[in-house]
Amino acid sequence: MNKIKNTLFSNKPVTIDENSIIMALESSCDETACAIVKGGREVLANVVASQIKTHEEYGGVIPEIAARMHLEAVNVVVEEAFKQAGLKGDDITAFAGTVGPGLVGCLLVGMNAAKSLALAYDKPFIGINHLNAHLAANFIDTDLEPPFIALLVSGGHTQIIEMNSYSDINIIGETIDDAVGEAYDKVARLIGLPYPGGPKLDKMAQEGNPFAFKLPEAKVDGFNFSFSGLKTAVLRLVKSFDGKDLPVADICASFQECVSSTLLKKVKKAAEEHCYKQIVLAGGVAANSEIRKKIFQLESEGYKVFAPPMKYCTDNAAMVASAAYFFEKTFDKTDVEVFSRA
Ligand code: KG4
Ligand code: ZN
């Protein structure tokens, strides 16, 4: 791949090829991360400073606290990434940073750090969409290339995406209310599990009976999803126990069964109807044990299935660097600013 594009801070166009080394910063929510990736697939450094311990006390992410913590951590993760890779600023081809969607105060920290590095070393800056970054996590250490169909499941989004080339990406379905990660976090809170709810619910589900309770699967047209009805059904179920001996593991397992089978059905239908042979799972919820299990079962039906390893499912900067390398459209931005919603 050889791309010549204009980017912010580069009057001279930058050539991106297999030898390009991109440093990326990610700070859209509660992880401050910096990574260095060569040729879009080879991770030379990957540093993540998580704020989970702090936010645990409040039961969720407090944006102002998160932004301040990013400020404290950002220089540390950059220095650590240079150290891990054994590289200096002059060795970097371009600097990338997540520009949205996410928490604006948080995004500003990582994006401005990446812009400052670009200015200091006289290199281009590349602004990256967080959702493209989650998708790009699948390029790391693999030989994946478009065309493929992707199921993107995160804290803020649930989408079925067709990727026909690095610049031809179409969303063909999405949630009409809650995102999958959001539903996990809300249900976890409802049944008394601490923040971060999604991974805790997943763990608890493994000890329960997935068929203990029949929860309703929303009937939504096409490739769209809805999870708010399911959340209400869990609330009703919890109330029916009137505070007595809540079968938490069985509720978790039944909820997880309902969500994972809905996702499986839709992504399979999309792959069948739109004739894709490769299926890609992406986003923080791609770390979920049951969703992974069900999607990988599609391999027995002839599909090639990809899902990032755990460390590249949840927020990290390696996926941001990979997106900077692969997604052609990201190179067209010359005056990017942060944004909160997609
Ligand atoms: O992709 P991500 O960073 O969110 C956005 O970019 O919006 O992922 C965070 C989301 C949270 O909702 C978290 O609860 C969920 O991913 N998550 C999980 C698991 N690990 C993370 N949900 C279910 N099972 C998991 N194992
Ligand atoms: Zn994310």
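In this predicted model, a backbone N or O atom of Gly-284 lies 2.7 Å from an oxygen atom of ligand 1. I should like to begin at this contact and work outward from the ligand. A backbone N or O atom of Gly-198 also approaches ligand 1, at 3.3 Å from an oxygen atom. The third contact I wish to mention involves a side chain: a polar side-chain atom of His-130 is placed 3.0 Å from an oxygen atom of ligand 1.

How many residues surround ligand 1? There are 17, and the closest are Gly-155, Asp-185, Gly-284, Asn-288 and Asp-315. Please keep Asp-315 and His-130 in mind, as both return on the next topic.

That topic is the metal site. Which residues coordinate the zinc ion, ligand 2? The donors are His-130 through NE2, His-134 through NE2 and Asp-315 through OD, at 2.1 Å. Written along the sequence, the spacing of these donor residues is H-x3-H-x180-D. The site thus joins distant parts of the chain: His-130 belongs to helix α4, residues 130-136, while Asp-315 sits in the loop between α10 (310-313) and α11 (318-326), 185 residues away.

Are these two residues buried or exposed? His-130 has a relative accessible area of 8%, and because this is under 20%, His-130 counts as buried. Asp-315, with a relative accessible area of 14%, is likewise buried.

Helix α4 deserves a further word. Ala-136 is found in this helix. Its relative accessibility is 0%, so Ala-136 counts as buried. The C-alpha atom of Ala-136 is separated by 5.8 Å from that of Ser-322, although the two residues are 186 positions apart along the chain. Ala-136 and Ser-322 therefore offer another example, after the zinc donors, of a pair brought together from distant parts of the chain.

Let me turn to the empty space in the model. Rolling a probe the size of a water molecule over the atoms shows where such space is left. The largest pocket contains about 1,600 Å³ of space. It is lined by 48 residues, of which Cys-29, Ser-154, Gly-155, Gly-156 and Asp-185 are the closest to its centre. Two of these names, Gly-155 and Asp-185, were also given among the residues closest to ligand 1.

Which elements give two or more residues to the lining of this pocket? They are α4, β9 (158-165), α5 (180-190) and α6 (197-205). Helix α5 gives the most, with seven residues. By character, the lining of the largest pocket divides into 17 nonpolar, 20 polar and eleven charged residues.

The model also has enclosed space. The structure holds one cavity of 30 Å³ or more, and the volume of the largest cavity is about 40 Å³. What lines the largest cavity? The residues are Pro-216, Glu-217, Ala-218, Ser-226, Phe-227, Leu-230, Cys-258, Val-259 and Thr-262. Helix α8, residues 248-273, supplies the largest share of this lining, namely three residues. In character, the lining of the largest cavity comprises six nonpolar residues, two polar and one charged.

I shall close with some details of the backbone. Two peptide bonds are to be noted as cis. One runs from Gly-100 to Pro-101, with omega near -5°, and Pro-101 lies in the loop between β6 (94-100) and α3 (104-120). The other runs from Pro-146 to Pro-147, with omega near 10°. Pro-147 is placed in the loop between α4 and β8 (148-153).

The loop between α4 and β8 also contains Asp-141. Phi of Asp-141 is near 60°, a positive value in a residue other than glycine. Is Asp-141 buried or exposed? With a relative accessibility of 60%, Asp-141 counts as exposed.

Asp-122 likewise has a positive phi, near 55°, and is a residue other than glycine. Asp-122 is located in the loop between α3 and β7 (125-129). How does its accessibility class come out? Asp-122 counts as partly exposed, because its relative accessibility is 47%, and partly exposed residues fall between the limits of 20% and 50%.

To return to the starting point: His-130 is a donor to the zinc ion, and a polar side-chain atom of His-130 lies 3.0 Å from an oxygen atom of ligand 1. Asp-315, too, coordinates the zinc ion and is listed among the residues closest to ligand 1.

How values were computed:
Residues numbered from 1 in each chain as written. Chains lettered and ligands numbered in written order. Predicted model: local features only at pLDDT ≥ 70, side-chain atom pairs only at ≥ 80, totals over all residues. Heavy atoms only, no water. Donors = N, O, S within 2.8 Å, 3.2 Å for Na, K, Ca; no water. Helix = DSSP H or I, 4+ residues; strand = E, 2+ residues; numbered from the N terminus. Buried < 20%, exposed > 50% of the residue type's maximum accessible area, 1.4 Å probe, protein only. 1 Å grid on protein atoms, 1.4 Å probe; cavity = no way out; pocket = protein on both sides within 12 Å on 5 of 7 lines; lining within 4 Å. Points joined across faces, edges and corners; volume = space filled by probe spheres on them. Nonpolar A, V, L, I, M, F, W, Y, C, P; charged D, E, K, R; others polar. Near = heavy atom within 4 Å. Polar contact = N/O pair within 3.5 Å; in protein donor to acceptor, adjacent residues only side chain to side chain.
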